[in-house]
Amino acid sequence: DRKKILEELKKLVNQEIKVKIIDINSHTNKLIVSEYDVVEQNTKELLEQYNVGDIIKGIVSGVADFGIFIRFVDQPAIEGMIHISEIDHCLIDNPREIVKMNEELQVKIIEIKNNNVYLSLKALKSNPWENIDEKFKQGQEVSGAIYKFNPFGAYIDLGHNIQGSIHVAEFGGTEEMKNKLKIGEKHIFIIDSIKP
């Protein structure tokens, strides 16, 4: 949106900023500069004080369908991302249901690559699948709530931060499955197999 870009640029009038010269064209008397290149260089230097495995405090600075953006508390110039698959051990449908803007979290650095920082909430939680055999057995009857449908069947919330899945073939087809199961409803299931 050009109007929004222009509004943002107007905020910079009479402000002093650091930039890097990226091109000089003496024929047209143009000097092309980049603030981003300076920020990127600064970020690279700031990231040198962190390592994969470090646990840091961060503030939720943005939430998207694919994950959560975290600004470092001790270094606000650095922002990392928690991919939706790194939020929890169970399936997360919407990160907005898990965190709130400006919430403070402890997260673990799992990768630093090309000035990007990848973080994990899941890495700081115990893995419920490690002792699954203490809670569930093949052939056991369990109660579970329908969590989500997908093209292959449905996810069932079994508690203990564990989700199972039931294949659409159990019902004969997608429509038949959706007629018998409703999101949030509890049903009794038999565990067919456990594959941690």
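User: Which strand gives the largest share of the lining of the largest pocket?

Analyst: Helices (H or I, at least four residues) and strands (E, at least two) are DSSP runs, numbered from the N terminus. For the largest pocket, the largest share of the lining is five residues, and they come from β10.

User: Before we go on, what kind of model is this?

Analyst: Residues are numbered from 1 along each chain as its sequence is written, and side-chain values use heavy atoms, with hydrogens and water left out. Local features need pLDDT of at least 70, side-chain atom pairs count only at pLDDT 80 or more, totals for chains, interfaces and linings use all residues, and the model is predicted.

User: How much space lies in the largest pocket?

Analyst: On a 1 Å grid over the protein atoms alone, a pocket is an open set of points where a 1.4 Å probe fits, with protein on both sides within 12 Å along at least five of seven lines; lining residues have an atom within 4 Å of a point. Grid points are joined across faces, edges and corners, and the volume is the space filled by probe spheres set on the points. For the largest pocket that comes to about 550 Å³.

User: In what order do the four strands of the open sheet run?

Analyst: Two strands pair if DSSP finds at least two bridges between them. β8 and β9 pair in the antiparallel sense over five bridges, and β8 (residues 141-150) pairs with β11 in the antiparallel sense over five bridges too. The order is β10-β9-β8-β11.

User: Which residue in β9 stands opposite Lys-148?

Analyst: β8 and β9 form a hairpin with two residues between them. Opposite Lys-148, in β9, stands Tyr-155.

User: And which residue forms a salt bridge with Lys-148?

Analyst: A salt bridge is a side-chain nitrogen of Lys or Arg within 4 Å of a carboxyl oxygen of Asp or Glu. Here the closest N and O atoms are 2.9 Å apart. The pair links distant parts of the chain, 55 residues apart, with Lys-148 in strand β8 and its partner in the loop between β5 and β6. That partner is Asp-93.

User: Is Asp-88, which forms a salt bridge with Lys-125, buried or exposed?

Analyst: Buried means under 20% relative accessible area, exposed over 50%, partly exposed in between (1.4 Å probe, protein chains only). Lys-125, at 35% relative accessibility, counts as partly exposed. Asp-88 has a relative accessible area of 13%, so Asp-88 is buried.
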